[in-house]
Amino acid sequence: MSLKLHVFPPSPRAFKVMAVANHLGVECETCLVDMPNGAHRRPEFLTLNPNGKMPVLEDDGFVLWESNAILEYLASKKPRSGLMPVDARGRADVARWLLWDMAHWDPTCAIFIFERLVKPMFRKEAPDPAEIAKGEEMFHRFAGVLEGQLKGRRHVCGDTLTIVDFALAAPLTTQGVAQFPLSSYPEIGRWYAGMMGLPCWQQTLTKQIPAAA
Ligand SMILES: N[C@@H](CCC(=O)N[C@@H](CS)C(=O)NCC(=O)O)C(=O)O
């Protein structure tokens with residue numbers, strides 16, 4: 001049985017798992033989680049993820065939620081891809097950045113995505129300037145960390161592409177609408193342009209519409 005990915009494609013958290021599966025050539029059946037119609041709150045979805053959140057992966061009875069855990073699992077299917085290092089320090093470095101993502105980067109980017117994309121598009125509400133101001137303060141703090149890390153490195157964990165690059169670059173796919181204050185971060189711009197050059201990135205973007213910029 002092939003893998004199933006339960007996703008709402010406009011979300012960057014869906015984008016990253018679809019892009020990694022695509023990059024690795026891991027065959028996945030995509031099952032739409034119709035979030036605007038509340039599919040993530042229905043009993044059948046809650047049996048997959050009691051948090052009522054997507055993405056969720058299913059692999060022959062094994063159910064996995066949390067997008068970055070899904071990235072690790074997908075990478076484990078193709079250990080020679082290099083997306084997940086094999087040495088202890090390399091793995092610890094990847095763990096460090098995936099945890100940093102969930103603690104800092106993802107929640108920061110989520111403020112812009114929620115205020116400028118989700119609210120106007122799905123709730124017909126205007127962005128809250130106080131939330132945007134809070135997002136900008138957080139963004140400059142953490143984008144500064146990422147910018148420093150990328151200096152002298154092609155990718156976040158060195159010169160090799162890893163799942164970290166997918167995790168951290170995915171929210172930026174919504175830049176056209178979310179408008180992260182990115183102009184003073186040339187290293188992030190250079191690195192993100194490289195991600196956009198990946199065939200899997202472009203293929204996955206076509207599934208993300210209408211959020212893709
Ligand atoms: N840390 C989780 C976050 C998942 C998440 O918040 N997904 C959002 C969509 S992008 C969701 O399903 N939200 C529904 C809700 O909170 O009710 C992950 O990375 O998988």
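What follows is a walk through a few helices and single residues of this predicted model.

First, the ground rules. Residues count from 1 along each chain as its sequence is written, and side-chain values rest on heavy atoms, with hydrogens and water left out. Since the model is predicted, local features need pLDDT of at least 70 and side-chain atom pairs count only at pLDDT 80 or more, while totals for chains, interfaces and linings use all residues.

Let's start with helix α1, residues 12-24. Helices here are DSSP runs of H or I with at least four residues, strands are runs of E with at least two, and both are numbered from the N terminus. The expected span of a helix is 1.5 Å times one less than its number of residues. For the 13 residues of α1 that gives 18 Å, and the end C-alpha atoms are 18 Å apart, so the two agree.

How many of the residues of α1 are buried? The count is 10 of 13, so the helix is mostly covered; buried means under 20% relative accessible area, exposed means over 50%, and partly exposed is in between, using a 1.4 Å probe and protein chains only. Among the buried ones are F15, V17, M18, V20 and L24, and K16 is on that list too. The cover comes from elements including β1 (3-7), β2 (28-32), α3 (67-77), α4 (88-123), α6 (163-169) and α9 (199-208).

Both ends of α1 have something to look at. At the N-terminal end, S11 acts as the cap, with a side-chain oxygen 3.0 Å from the backbone nitrogen of R13. After the helix comes G25, whose phi is positive, near 70°. H23, still inside α1, is partly exposed, with a relative accessible area of 33%. Leaving aside residues up to four places away in sequence, H23 touches L83, L161, F166 and C200, where contact means heavy atoms within 4.5 Å. F62 sits 39 residues from H23 in sequence and 22 Å from H23 in space, C-alpha to C-alpha.

Now over to strand β1, where H6 lies. H6 is buried, at a relative accessible area of 11%. Which side chain makes a polar contact with the side chain of H6? That partner is E58, at 2.7 Å. A polar contact is a pair of N or O atoms within 3.5 Å; within protein, one must be able to donate a hydrogen and the other to accept it, and residues adjacent in sequence count only if both atoms are side-chain atoms. Outside the stretch up to four places away in sequence, H6 also touches C31, V33, F45, L48, M54, P55 and V56. Two of those names come back straight away: the peptide bond from M54 to P55 is cis, with omega near 10°. P55 belongs to the loop between α2 (43-46) and β3 (56-59).

The other helix worth a long look is α5, residues 129-150, which packs on α4. Two packed helices are described by the angle between their axes and the distance between the axes. For α4 and α5 the angle is about 140° and the axes are 9 Å apart; the axes are lines fitted to C-alpha atoms over the stretch in contact, and angles run from 0 to 180 degrees between N-to-C directions. The contact includes W97, W100, W105 and F112 from α4, and F139, F142 and L146 from α5. By type, its residues divide into 13 nonpolar, 4 polar and 5 charged. Here Ala, Val, Leu, Ile, Met, Phe, Trp, Tyr, Cys and Pro are nonpolar, Asp, Glu, Lys and Arg are charged, and the others, Gly among them, are polar.

On its own, α5 has 22 residues that should span 32 Å, and its end C-alpha atoms are 30 Å apart, which agrees. Its buried residues include I132, G135, F139, A143 and E147, and the cover includes α4, α6 and α8 (186-196). D128 caps the N-terminal end, with a side-chain oxygen 2.9 Å from the backbone nitrogen of A130. Just after α5, G152 has a positive phi of about 80°.

Finally, some loop geometry. K124, in the loop between α4 and α5, has a positive phi of about 55° although it is not a glycine. K124 counts as exposed, at 71% relative accessibility. Q179 also has a positive phi without being a glycine, near 50°. Q179 is in the loop between α7 (175-178) and α8, and is partly exposed at 48%.
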